[in-house]
Every structure is written in C-alpha cells, then in structure tokens.
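User: I am a first-year student, and I should like a close look at a single part of this protein and its surroundings. Please choose one buried residue and explain, step by step, how its neighbourhood is built.

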Amino acid sequence: MTLIVRSESPSPDRSTVWLEGRLDAATYAAFDEALRDVTPLLDNGGTLVIDLSGLEYISSAGLRSLAQLRKQLHDRDGRTLLLNPQPQVKKVFDIVKAVPVAEVFASVGELDQYLDHMQRQMTAPGG
C-alpha cells in the first residue's frame with residue numbers, strides 16, 4: 001500500500017498535513033520529501049498539525065520520520081501536533097511513548113480548544 005500526503009497552509013503560522021495509507025519503510029522517504037515543502041513555511045515558530053485519520057499503519061521508520069520532524073520544528077520554536085489517530089496507530093504511540101500525550105488529539109474540536117487555550121496564555125498579561 002502507498003502513502004498519500006496532502007497539505008494546506010491556511011496561515012503563515014499553521015499548516016495541516018493529512019496522511020492516508022501506511023507510513024513504513026517503503027513510504028517514509030516520500031513522507032519526508034513531502035514535508036520538506038511544508039516545514040519551511042513554519043520557520044518562525046508555527047504549528048504543524050498532522051491529521052492521522054487516514055493512516056492505517058505506522059512502523060519504526062514512520063516513527064523515526066515523525067520524531068525527526070518534531071525535532072526540526074522544535075529547534076525553530078515550532079510544534080507538531082497529531083490529530084485523529086486510528087486506534088492501532090495510537091496504540092503504537094502509547095507503547096513506544098514516541099509522542100507526548102498532550103500532543104495527540106482525538107478530534108478537530110479538541111485540537112481547536114487546545115490551540116485556543118495556548119493562544120490565550122500567550123496574549124494574557126504576563127503570558
């Protein structure tokens with residue numbers, strides 16, 4: 001099976017990527033290549049949301065790609081947030097503790113609530 005990667009950058013500080021299929025040894029290079037076009041848009045501390053609702057499988061190669069991506073964005077004061085993981089993919093994250101639980105969201109509403117809260121903290125006096 002292949003991996004389909006779609007992306008959208010609705011604002012300079014937020015991009016969303018949708019994954020569909022498998023992120024494994026056969027597809028991680030295509031994922032890395034696709035994200036090379038997206039991450040420069042977030043050079044100044046932006047947020048990359050990766051929607052995993054269509055991701056059916058992730059291997060150690062896929063986990064490594066996500067970890068490298070998270071590190072790259074973190075090094076530029078950005079963040080990577082994961083959205084809608086299917087149960088089997090979430091179980092992999094749980095087992096390997098690859099992603100902090102605070103960065104995985106079950107729905108767009110939950111993600112938006114988190115982002116709203118974070119922005120309020122930043123704009124609050126003393127924030």
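Analyst: In this predicted model, Phe31 has a relative accessible area of 1% and is therefore buried, since the limit for that word is under 20%. Phe31 is part of helix α1, which covers residues 28–38.

The surroundings of Phe31 may be taken up next. When neighbours within four places in sequence are set aside, Phe31 is in contact with Leu3, Val5, Leu19, Leu23, Ile50, Ser65, Leu66 and Leu69. One of these partners, Leu66, stands 35 residues away from Phe31 in sequence, while their C-alpha atoms are 9.3 Å apart in space. For the protein as a whole, 68% of the contacts with a separation of 6 or more are made by residues 24 or more positions apart.

The helix that carries Phe31 deserves attention in its own right. Which residues of α1 are buried? They are Phe31, Asp32, Leu35 and Val38. These four lie on the same side of α1, because the arc that they cover around the axis is only 110°. The buried residues of α1 pack against strands β1 (3–11), β2 and β3, and also against helix α2.

Two further residues of α1 form a pair of opposite charge. Arg36 and Glu33 are joined by a salt bridge with an N to O distance of 2.5 Å. They are three residues apart in the helix, about one turn. Arg36 has a relative accessible area of 49% and is thus partly exposed; Glu33, at 46%, is partly exposed as well.

From Phe31 one can move on to the core. The largest nonpolar core has 20 residues, and the members that touch the most others are Leu19, Phe31 and Ile50. Two or more residues of this core come from each of β2 (14–23), α1, β3 (47–58), α2 and α3 (87–96). Strand β3 is the greatest contributor, with five residues. Ile50 shows how such a member is surrounded: leaving out residues up to four places away in sequence, Ile50 touches Val17, Leu19, Phe31, Leu66, Leu69, Thr80, Leu81, Leu82 and Leu83. Apart from the largest core there is another core of five residues, including Val49, Leu81, Phe105 and Tyr114.

The loop between β3 and α2 is the next place to examine. Ser59 is found in this loop, and with a relative accessible area of 13% Ser59 is buried. Beyond its neighbours within four places in sequence, Ser59 makes contact with Leu23, Asp24 and Ala25. Leu23 is also among the contacts of Phe31.

Asp24 leads to a second charged pair. Side chains of opposite charge can pair when their charged atoms come close. Asp24 and Arg22 form a salt bridge in which the closest N and O atoms are 3.1 Å apart. How do the two partners stand with respect to the surface? Asp24 counts as buried, because its relative accessibility is 10%, whereas Arg22, with a relative accessible area of 28%, is partly exposed. Arg22 has a further partner: it lies over the face of Tyr57, 3.9 Å from the centre of the ring.

Helix α2 completes this part of the picture. Here Asp75 and Lys71 form a salt bridge, their closest N and O atoms lying 2.8 Å apart. The two residues are four places apart in α2 (residues 60–75), so about one helical turn separates them. Lys71 is exposed, because its relative accessible area is 52%. In total, the structure has three salt bridges, and the number of aromatic pairs is zero.

Finally, the neighbourhood may be placed within the whole. The protein has four helices and five strands, which follow one another from the N terminus in the order β-β-α-β-α-β-α-β-α. Of its 127 residues, 39% count as buried. Phe31 belongs to this buried share, with a relative accessible area of 1%, and in the largest nonpolar core Phe31 is one of the three members that touch the most others.

Note on methods:
Residues are numbered from 1 along each chain as its sequence is written. This is a predicted model: local features need pLDDT of at least 70, side-chain atom pairs count only at pLDDT 80 or more; totals for chains, interfaces and linings use all residues. Side-chain values use heavy atoms; hydrogens and water are left out. Rings of Phe, Tyr and Trp (its six-membered ring) pair if their centres lie within 6.5 Å; planes under 30 degrees apart count as stacked, over 60 as edge-to-face and the rest as tilted. A charge sits over a ring if NZ of Lys or CZ of Arg is within 6 Å of the ring centre and within 35 degrees of the ring normal. A salt bridge is a side-chain nitrogen of Lys or Arg within 4 Å of a carboxyl oxygen of Asp or Glu. Buried means under 20% relative accessible area, exposed over 50%, partly exposed in between (1.4 Å probe, protein chains only). A nonpolar core is a set of buried Ala, Val, Leu, Ile, Met, Phe, Trp, Tyr and Cys residues joined through side-chain atoms within 4.5 Å. Contact means heavy atoms within 4.5 Å. The arc is that of the directions from the helix axis to the C-beta atoms.
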